[in-house]
Amino acid sequence: MFSAPPPEEREPVRAASFGDLDAATVYAIMKLRCDVFVVEQKCYYADLDGRDTEPGTRHVWLTRDAQIAAYLRILDLDTPGAARIGRVVTAPAARGSGLAGRLMTHALTVIGERPSRLSAQAHLTGFYARFGYTAEGPEYLEDGIPHVPMTRPAQLPDQGSAAISSAVERRRPV
Ligand SMILES: CC(C)(COP(=O)(O)OP(=O)(O)OC[C@H]1O[C@@H](n2cnc3c(N)ncnc32)[C@H](O)[C@@H]1OP(=O)(O)O)[C@@H](O)C(=O)NCCC(=O)NCCS
């Protein structure tokens, strides 16, 4: 069980390319992804898709009690200048305390003014909408799980930070 620290002692969010991750961190990230997306969600799919090591990929995570508590990754898309957020996950014992929200906020600072997209598990569209994502197509099945494609347009210079602040303000305190 993770213990939630008081706000003033909250863990920093970290971001790194694959080459800058140490072996123990890579192992812990992949274990969390496997434990949740494959085992918990009972979904038989190739999580290690070859994109983690791409030079443009950024891994974003935070640790709590010396374990990876939450994680997401940001991919460069084929469309020049666009990004994709994926593999958004919080360890079961750490859920409901705002960690995924903190990672999303940080991811948007990494993405900056670039347009971005993600495939939301259908029940989470409201969560991603807080961060400026809107559905761009009908629900579809991905590895047997209902998903909705969502996009966030390119941001004007001041728009990005305003959207992030607004999303943070709408969150309950943690
Ligand atoms: C979805 C997930 C990442 C949320 O992590 P978290 O750290 O608990 O999220 P936060 O505490 O920052 O935010 C919680 C918000 O997520 C949404 N949410 C989480 N689980 C939800 C659920 N089962 N149904 C609907 N909304 C849900 C809610 O909007 C909630 O906001 P609220 O607490 O104000 O109601 C986590 O439950 C998880 O890892 N799930 C399994 C993996 C997964 O499905 N990932 C999403 C891929 S698109």
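**View 1. The whole chain, with 4 helices and 8 strands.** Welcome to this predicted model, whose chain holds 4 helices and 8 strands. Followed along the sequence, these elements come in the order β-α-β-β-β-α-β-α-β-β-β-α. The chain has 174 residues, and 26% of them count as buried. Among contacts with a separation of 6 or more, 62% are between residues 24 or more positions apart.

**View 2. The surroundings of the ligand, made up of 19 residues.** Which residues come nearest to the ligand? They are Thr90, Arg95, Ala100, Gly101 and Phe127. By type, the shell around the ligand splits into 9 nonpolar, 8 polar and 2 charged residues. Four elements each give at least two residues to this shell: strand E4 (83-90), helix H2 (99-111), strand E5 (116-121) and helix H3 (125-129). Two of these, H2 and E5, have views of their own below.

**View 3. Helix H2, a mostly covered helix.** H2 is built from 13 residues, and 18 Å lie between its first C-alpha and its last. That is close to the 18 Å expected at 1.5 Å a residue. How many of the residues of H2 are buried? The count is 10 of 13. Looking along the helix, you can pick out the buried residues Leu99, Ala100, Gly101, Arg102, Leu103, Met104, His106, Ala107, Leu108 and Ile111. Ala100 and Gly101 from this list are also among the residues that come nearest to the ligand. Just after the helix comes Gly112, with a positive phi of about 65°.

**View 4. The largest nonpolar core, with 30 residues.** Inside this core, the residues with the most contacts are Val60, Ala70, Tyr71, Leu72, Ile74, Leu103 and Ala107. Helix H1 (23-40), strand E2 (58-64), strand E3 (67-76), E4, H2, E5 and strand E8 (145-152) each bring at least two residues to the core. Val60 is a good place to begin exploring. Setting aside residues up to four places away in sequence, Val60 touches Val13, Ala15, Tyr71, Leu72, Arg73, Ile74, Leu103, His106, Ala107 and Val110.

**View 5. Strands E1, E2 and E3, paired in the antiparallel sense.** Strand E1 (residues 14-16) pairs with E2 through 3 bridges. Here Ala15 is found opposite Val60 of E2. E2 is also joined to E3, this time by 7 bridges. In that pairing, Trp61 faces Tyr71 of E3 across the strands.

**View 6. The turn between E2 and E3, with 2 residues between the strands.** In this hairpin, Asp65 takes a positive phi near 50°. Ala66 lies in the loop between E2 and E3 and has a positive phi of about 65° although it is not a glycine. Why do these values catch the eye? Most residues other than glycine have a negative phi. Is Ala66 buried or exposed? Ala66 counts as exposed because it has 7 C-beta neighbours inside 10 Å, and a residue with 12 or fewer is exposed.

**View 7. Strand E5, with a covered face and an uncovered one.** Ser116, Leu118 and Ala120 make up the covered face of E5, while Arg117, Ser119 and Gln121 make up the uncovered one. E5 pairs with E4 in the parallel sense over 2 bridges, and Ala83 is found opposite Ser116 of E5.

**View 8. Leu118, a buried residue in strand E5.** Why does Leu118 count as buried? It has 24 C-beta neighbours inside 10 Å, and 20 or more are needed for a residue to be buried. Apart from neighbours within four places in sequence, the contacts of Leu118 are Arg84, Ile85, Gly86, Tyr128, Tyr133 and Met150. Now look for Ile74: it is 44 residues away from Leu118 along the chain, yet their C-alpha atoms are separated by 9.6 Å.

**View 9. Asp143, in the loop between strand E7 (140-142) and E8.** Asp143 is not a glycine, and it has a positive phi of about 50°. How does its surrounding compare with the cut-offs for burial? With 13 C-beta neighbours inside 10 Å, Asp143 counts as partly exposed, since that class lies between 12 or fewer for exposed and 20 or more for buried.

Conventions:
Residues are numbered from 1 along each chain as its sequence is written. This is a predicted model: local features need pLDDT of at least 70, side-chain atom pairs count only at pLDDT 80 or more; totals for chains, interfaces and linings use all residues. A residue is near a molecule or strand if its C-beta atom, placed from the backbone, lies within 6 Å of it. Ala, Val, Leu, Ile, Met, Phe, Trp, Tyr, Cys and Pro count as nonpolar, Asp, Glu, Lys and Arg as charged, and the others, Gly among them, as polar. Two residues are in contact if their C-beta atoms, placed from the backbone, lie within 7 Å. The expected span of a helix is 1.5 Å times one less than its number of residues. A nonpolar core is a set of buried Ala, Val, Leu, Ile, Met, Phe, Trp, Tyr and Cys residues joined through C-beta atoms within 7 Å. Two strands pair if DSSP finds at least two bridges between them.
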